[in-house]
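This report looks at side-chain contacts and strand pairing in one protein model. The sequence and structure come before the discussion.

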Amino acid sequence: MRVLVTGGAGFIGSAVIRYLVLEKGYEVLNIDKLTYAGTLTSLRSVEGKPSYRFFKIDICDAAAVSSAISTFGPDRVMHLAAESHVDRSILGARQFVETNILGSFTMLECVREYWASLERRKKDAFRFLHVSTDEVYGSLGRDGLFSETTPYDPSSPYSASKAASDHLAKAWARTYDMPVIVSNCSNNYGPFHFPEKLIPLTILNALEGKSLPVYGSGANIRDWLYVEDHARALDLIAERGRVGETYNVGGRNERSNIDVVKRICAILDYLRPGGAPHENLVRFVTDRPGHDARYAIDASKLETELGWKAQESFETGIEKTVRWYLDNEWWWAPLRQGYDGSRLGLLKAGAG
């Protein structure tokens, strides 16, 4: 099995590649632009293996993408490359439009050309998995879950750009009969997560005795999915999912942001008692514009149709994650030099 992964130097992409190479024994080509959030150190465990290759490519560069595809000859494409941080999208939406929309268009067109050239057996077996987010569905109230048929209602430039890319992927499936499958996941967490996101930022700030910023009152709720569970799900969807379908991937682990932060503090109080109580570092800050109140995924379709189930509960996964950051300063310390946890996405007075 030969799999081309876009965005493989990112958080979820690198987890997918480690799983495909080390657990499944697949041949993998990673194409990644290596923006600020992409680091090849996340792939140290597969470096040098004959089954793994890396090309530094911008997915908006059609010539480079087409060359990579024809050179590698994939049986599957797993498209994860994306700008993904909501806060950054608020002040810099253009990059999100270019990468998430135009980049996805480029991938779809290049893959369509390649797929059309395949002989019948390979053409029938080929799959293009477009990996997306639950944020395209907007915000939930106190009750209910996102299903695959929930209407799209994105709130941020990030989620709007991902919604647009989802629509492109589904249109290419219907118009060109391309073997496209779409997945929408809940919030991921785990090892190798760039320090701008809530969980790694909280862990590292707490270790350094810095304030722990929590937006608003911290009441916003997310469904947390351990990244290695997500990687397994994506491989399963690409292998056994039905063409033209959408599959939601969620951990069934709803937690408010403040509860997540407090749980991390409690784990650090036990593992690093010198800084206890870490909860004293919590600081409530001005909420970000358009902050969705609640996300929660109904993963029943994936669970019943394909037999997937998350292996990690939030309790087991968050402790594994905290311990990983404590044990792997070699990975995150260089990244902290370039990003110190400063507040992003805060509009100037009168701008919103």
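The text below covers salt bridges, aromatic pairs, charges over rings, and one strand with its neighbours.

**Salt bridges**

The model is a predicted one. In it, the count of salt bridges comes to 24. Three of them are set out in the table.

| Salt bridge | Closest N to O distance |
|---|---|
| Arg-2 and Glu-27 | 2.7 Å |
| Glu-109 and Arg-112 | 2.9 Å |
| Glu-208 and Arg-336 | 2.6 Å |

The first row pairs Arg-2 with Glu-27. Arg-2 belongs to strand E1 (residues 2-6) and Glu-27 to strand E2 (residues 27-32), so this salt bridge ties together parts that lie 25 residues apart in sequence. Arg-2 is partly exposed, at 22% relative accessibility. Glu-27 is also partly exposed, and its relative accessible area is 31%.

The second row, Glu-109 with Arg-112, stays inside a single element. Both residues lie in helix H4 (residues 93-116), where they are three residues apart, about one turn of the helix. Glu-109 counts as partly exposed at 25% relative accessibility, and Arg-112 counts as partly exposed at 24%.

The third row joins Glu-208 to Arg-336. Glu-208 is located in the loop between helix H7 (198-207) and strand E8 (212-215), while Arg-336 is in helix H12 (residues 329-338), so the pair ties together parts 128 residues apart in sequence. How exposed or buried are the two partners, Glu-208 and Arg-336? Glu-208 is partly exposed, with 37% relative accessibility. Arg-336 has a relative accessible area of 8% and is buried, because the cut-off for that class is under 20%.

Some salt bridges share partners. In this way Lys-24, Arg-76, Asp-235 and Glu-239 are joined into one network.

**Aromatic pairs and charges over rings**

Across the whole structure, 16 aromatic pairs are found. One of them is formed by Trp-324 and Tyr-325, whose ring centres are 4.9 Å apart with 85° between the planes, an edge-to-face arrangement. Trp-324 and Tyr-325 are both buried. Trp-324 also takes part in an aromatic pair with Trp-331, again edge-to-face, at 5.6 Å centre to centre and 65° between the planes. Trp-331 is buried, as is Trp-324.

Elsewhere in the sequence, Tyr-137, Phe-146, Tyr-152 and Tyr-295 make up one aromatic cluster.

Which residues place a charge over the rings of Tyr-36 and Tyr-247? Over the face of Tyr-36 lies Arg-88, at 3.9 Å from the ring centre. Over the ring of Tyr-247 sits the charged end of Lys-301, 4.9 Å from the centre of that ring.

**Strand E9 and its neighbours**

Strand E9 spans residues 221-226, and five of its six residues are buried, so the strand is largely enclosed by the rest of the structure. How does strand E9 run relative to strand E7, parallel or antiparallel? Strand E7 (residues 187-189) and E9 run parallel and are joined by three bridges. Across this pairing, Asn-187 stands opposite Trp-224 of E9.

Strand E9 also pairs with strand E11 (residues 254-256), here in the antiparallel sense and over three bridges. Arg-222 has Arg-255 in E11 as its bridge partner. Strand E9 therefore has strand pairings with both E7 and E11, and five of its six residues are buried.

Conventions:
Residues numbered from 1 in each chain as written. Predicted model: local features only at pLDDT ≥ 70, side-chain atom pairs only at ≥ 80, totals over all residues. Heavy atoms only, no water. Salt bridge = Lys/Arg side-chain N within 4 Å of Asp/Glu carboxyl O. Helix = DSSP H or I, 4+ residues; strand = E, 2+ residues; numbered from the N terminus. Buried < 20%, exposed > 50% of the residue type's maximum accessible area, 1.4 Å probe, protein only. Phe/Tyr/Trp six-rings, centres within 6.5 Å; stacked < 30°, edge-to-face > 60°. Lys NZ or Arg CZ within 6 Å of the ring centre and 35° of its normal. Pairing = 2+ DSSP bridges.
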